[in-house]
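Got your viewer open? Load the model, colour it by secondary structure, and follow along one selection at a time.

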Amino acid sequence: MLIKQPFDEFLSFHYERVDETQMKVTLPIQPLFINSAGLVHGGIISTLADVAMGNIFRPDENNMQTVVTADLKVSFLRGATGEYLIADAHLVKRGRTLNHTDCLIYNNENQLVAKASGIFASI
């Protein structure tokens with residue numbers, strides 16, 4: 001089960017749960033996402049990482065999220081272009097209240113375009 005949010009649906013994310021600690025999210029690149037340099041806007045890439053890492057954690061019985069982002073760091077390694085981006089997120093450490101995650105983001109040519117880390121607070 002995944003958290004359903006209108007913003008995520010607007011971006012046309014495709015989700016794949018690999019296992020209990022890993023999530024892959026694919027984002028089709030749309031013209032709206034391209035900045036004036038001809039690359040995918042950094043905010044879109046950050047959102048992709050945040051959504052992938054946040055969806056590692058299963059929703060509650062009412063399909064509501066069980067964590068919120070407490071800290072998000074994104075490093076951009078190459079300009080993102082192509083047909084789609086894939087975020088490969090995994091749990092690093094689950095804590096009582098804080099959970100640490102990492103995420104690598106690739107383009108459709110399997111080139112690493114960004115890496116992210118996040119801390120998610122249990123709610």
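The expected span of a helix is 1.5 Å times one less than its number of residues; helices (H or I, at least four residues) and strands (E, at least two) are DSSP runs, numbered from the N terminus. Two bits of housekeeping: residues are numbered from 1 along each chain as its sequence is written. This is a predicted model, where local features need pLDDT of at least 70, side-chain atom pairs count only at pLDDT 80 or more, and totals for chains, interfaces and linings use all residues, while side-chain values use heavy atoms and leave out hydrogens and water.

**Stop 1: the helix.** Select residues 42-54, which make up helix H2. Its 13 residues reach 18 Å from first C-alpha to last, close to the 18 Å expected at 1.5 Å a residue. Now show side chains: Ile44, Leu48 and Val51 are among the buried ones in H2 (buried means under 20% relative accessible area, exposed over 50%, partly exposed in between, with a 1.4 Å probe and protein chains only).

**Stop 2: the sheet.** Next, select the strands. Six of them form an open sheet in the order E1-E2-E4-E5-E6-E3, with antiparallel pairing (two strands pair if DSSP finds at least two bridges between them). At the edges sit E1 (14-19) and E3, each pairing on one side only. H2 lies across E1, E2, E3, E4, E5 and E6, at about 135 degrees to E3 (axes are lines fitted to C-alpha atoms, for helices over the stretch in contact, and angles run from 0 to 180 degrees between N-to-C directions; contact means heavy atoms within 4.5 Å).

**Stop 3: strand by strand.** Pick E2 (residues 22-28) and E4 (residues 84-94): seven bridges join them, and Pro28 stands opposite Tyr84. Add E5, which nine bridges join to E4; a hairpin of three residues links the two. Look for Ile86 facing Tyr106 across this pair. Then jump to E3 and E6 (residues 112-122), also antiparallel and joined by nine bridges, where Val68 has Ala121 as its bridge partner.

**Stop 4: two residues to zoom in on.** Is Thr101, in strand E5 (residues 98-107), buried or exposed? Thr101 counts as buried because its relative accessibility is 1%. Its contacts beyond four places in sequence include Met53, Ile56, His90 and Phe120.

Finish at Asn55, in the loop between H2 and E3 (67-76). Asn55 is at 5% relative accessibility, so it counts as buried too. Outside its sequence neighbours up to four places away, Asn55 touches Leu2, Ile3, Tyr15, Arg17 and Met23.
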